[in-house]
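The following exercises are intended for a reader who meets this structure for the first time. Please study the sequence and the model before turning to the solutions.

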Amino acid sequence: MGLKRADEIRTRMEAIRSDVATLEKLDASGEADETAVTRFDDLLAEADMLGEELKPLAEREERIAAVQRAAQHEGNREETVADRGVPELGVRKSKLSPFENLDAVRTGVADPRDIRARALGAIEEYANRTDHWALESDAAAQATKLVEKGGVKFGTAVARQMLLTGTPEYREAFVAYMEDPGGYASRAAMSLTAANGGYLVPFTLDPTIILTNNGSANPYRRYATIKTTATNDWNGVTSAGVSAEWTAEGIEAADASPTVGQLKITPQKADAYLFGSYEVLGDSDIATQIPELLADAKDRLEESAFAVGTGTGQPWGVMARGTTLAAAAGTATSGPTAASVYSLSGALPARWRGPRSRVVWLANLSAINTLRNVPSFTGSTASIVNDVTDEPKMLGKPFLESTSVVGAYANSNKVLAYGDMSQYYIVDRVGMSVVYDPIVLGANRRPTGQGAWYAFWRVGADVSTAGAFRVLTLTT
């Protein structure tokens, strides 16, 4: 169905291009009337709409083509009777499952193109499932992006992890490990991962690969620039841009070479520890519950760091790294005012308010509610906060709740931020591991009759430049 629709769109867009070319000739000759102009605008609008509809269909076509290309690779074809020189009618070649014959992938000798093509096939396979292991469309798109657009080295590393943690055998062993950690599964795990007795979370549940947090109370991942790395650090490049000039005839141009800087973000280790009695662990469906619980714990821990993190043993937070601006005197008791809001908005440089920026407001719910009671200007009866849409806005920009931003009003408290979230970088070190501790000890170092799960992962974050954010501080 998707492929047929893509062909229909391309056929229609070709017709639009032909009509637009005809109308352009009329316009150039001065023969275009008002009807032709209206028709021209309608065609352009229709082309834009069709272009947006075609994008996901074209990406799906490319994924299918990648799997088909992989099927032509010698390592991905099953040997048939005919291949062995025995004439057997009716026997045809069929491609392997993405998870078959993975020894070459495990040992690192497989062709990187083959590894990535297999991973795309695995993503497609899980996207078509209807059970607990199925990948939602946004998760499948995110996983595909990591494989296709992360560069050869990184894309291959992620693809390799997807293949090794996505096989039916690994998935079954992971479930067995969750349900019976002391049994055979824990011994088998030592040969499958580097977690020394633990398990990497299967890629279909791994928050470091597919967590998109759409609709989460944590707003940062929805608007920030997300990067994923398979190494210890992520290195980006920053620049203040190129300066242009007006010049006269025959005058030598000035050197406008940009100054280039480095943005280095080191993912920091985070963990979660949860335990329960042997009875609870044995009677509950722990295999399906733990990944969801860990993803929720990860989300809440990261929200705090992304808001107010100090950068020491944790990611840097927006409120800690933005450029501060003092509010009007007296706001330490009453909170932000309309004047403070306009001052903060005006202080953000134009560079960070351009068409490619993702400008937002960030505050605790208490500050949002305070501003809901503030008129947009003196004498107005309308609030400065617009609640007409599902997500509140202020001065036309999304007003996002971040629970870890300070909500109390006191001198020097940072209660409101305004900035370009595309300049806030979150870097995930791919791979979350889970290890089981079969015996929880009490204060006297004796067993409590409980087992525990220990999960760990790494994530870092920082702003590309402090100037991309303005943070309001209250004053007496």
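**Exercise 1: A buried partner in a salt bridge**

Asp462 counts as buried, at 7% relative accessibility. Buried means under 20% relative accessible area, exposed over 50%, and partly exposed in between (1.4 Å probe, protein chains only). The model is a predicted one, in which local features need pLDDT of at least 70 and side-chain atom pairs count only at pLDDT 80 or more, while totals for chains, interfaces and linings use all residues. Residues are numbered from 1 along each chain as its sequence is written, and side-chain values use heavy atoms, with hydrogens and water left out.

Task: Determine with which residue the side chain of Asp462 meets in a salt bridge.

Solution.
- Step 1. A salt bridge is a side-chain nitrogen of Lys or Arg within 4 Å of a carboxyl oxygen of Asp or Glu.
- Step 2. The side chain of Asp462 meets that of Arg321, with 2.9 Å from N to O.
- Step 3. The pair links distant parts of the chain, since Asp462 belongs to strand β13 and Arg321 to helix α13 (residues 318-321), 141 residues apart. Helices (H or I, at least four residues) and strands (E, at least two) are DSSP runs, numbered from the N terminus.
- Step 4. Arg321 counts as partly exposed, at 30% relative accessibility.

**Exercise 2: Bridges between two helices**

Task: State which residues form salt bridges with Glu46 and with Arg39, and where the partners lie.

Solution.
- Step 1. Glu46 is bridged to Arg12, and their closest N and O atoms are 2.9 Å apart.
- Step 2. This pair ties together parts that are 34 residues apart in sequence, because Glu46 lies in helix α2 (residues 34-71) and Arg12 in helix α1 (residues 2-29).
- Step 3. Glu46 is partly exposed, with a relative accessible area of 24%; Arg12 counts as partly exposed at 28%.
- Step 4. Arg39 is bridged to Asp19, and here the closest N and O atoms are 3.6 Å apart.
- Step 5. This pair also links distant parts of the chain, with Arg39 in helix α2 and Asp19 in helix α1, 20 residues apart.
- Step 6. Arg39 counts as partly exposed at 38% relative accessibility, and Asp19 counts as partly exposed at 28%.
- Step 7. The structure holds 15 salt bridges. Arg221, Lys298, Glu302 and Asp428 are linked in a network of them.

**Exercise 3: The nonpolar interior**

Task: Identify the residues with the most contacts inside the largest nonpolar core.

Solution.
- Step 1. A nonpolar core is a set of buried Ala, Val, Leu, Ile, Met, Phe, Trp, Tyr and Cys residues joined through side-chain atoms within 4.5 Å.
- Step 2. The largest such core has 90 residues, and those with the most contacts inside it are Tyr220, Leu416, Met421 and Tyr424.
- Step 3. A second, separate core has 12 residues, among them Ile9, Val20, Leu50 and Leu57.
- Step 4. Contact means heavy atoms within 4.5 Å. Not counting residues up to four places away in sequence, Tyr424 touches several residues, including Tyr220, Phe306, Trp316 and Asp462.

**Exercise 4: The buried side of a helix**

Task: Decide which residues of helix α15 are buried and how they are arranged.

Solution.
- Step 1. In helix α15 (residues 338-347), the buried residues are Ala338, Ser340, Val341, Leu344 and Ser345.
- Step 2. They lie on the same side of α15, because they cover an arc of only 160° around the axis. The arc is that of the directions from the helix axis to the C-beta atoms.

**Exercise 5: A strand residue and its contacts**

Task: Establish whether Thr229 is buried or exposed, and which residues it touches.

Solution.
- Step 1. Thr229 has its place in strand β2 (residues 225-229).
- Step 2. With a relative accessible area of 6%, Thr229 is buried.
- Step 3. Leaving aside neighbours within four places in sequence, Thr229 is in contact with Phe154, Pro267, Val427, Asp428, Arg429 and Val430.

**Exercise 6: The whole protein**

Task: Give the number of helices and strands, and the share of residues that count as buried.

Solution.
- Step 1. The protein has 16 helices and 14 strands.
- Step 2. Of its 476 residues, 43% count as buried.
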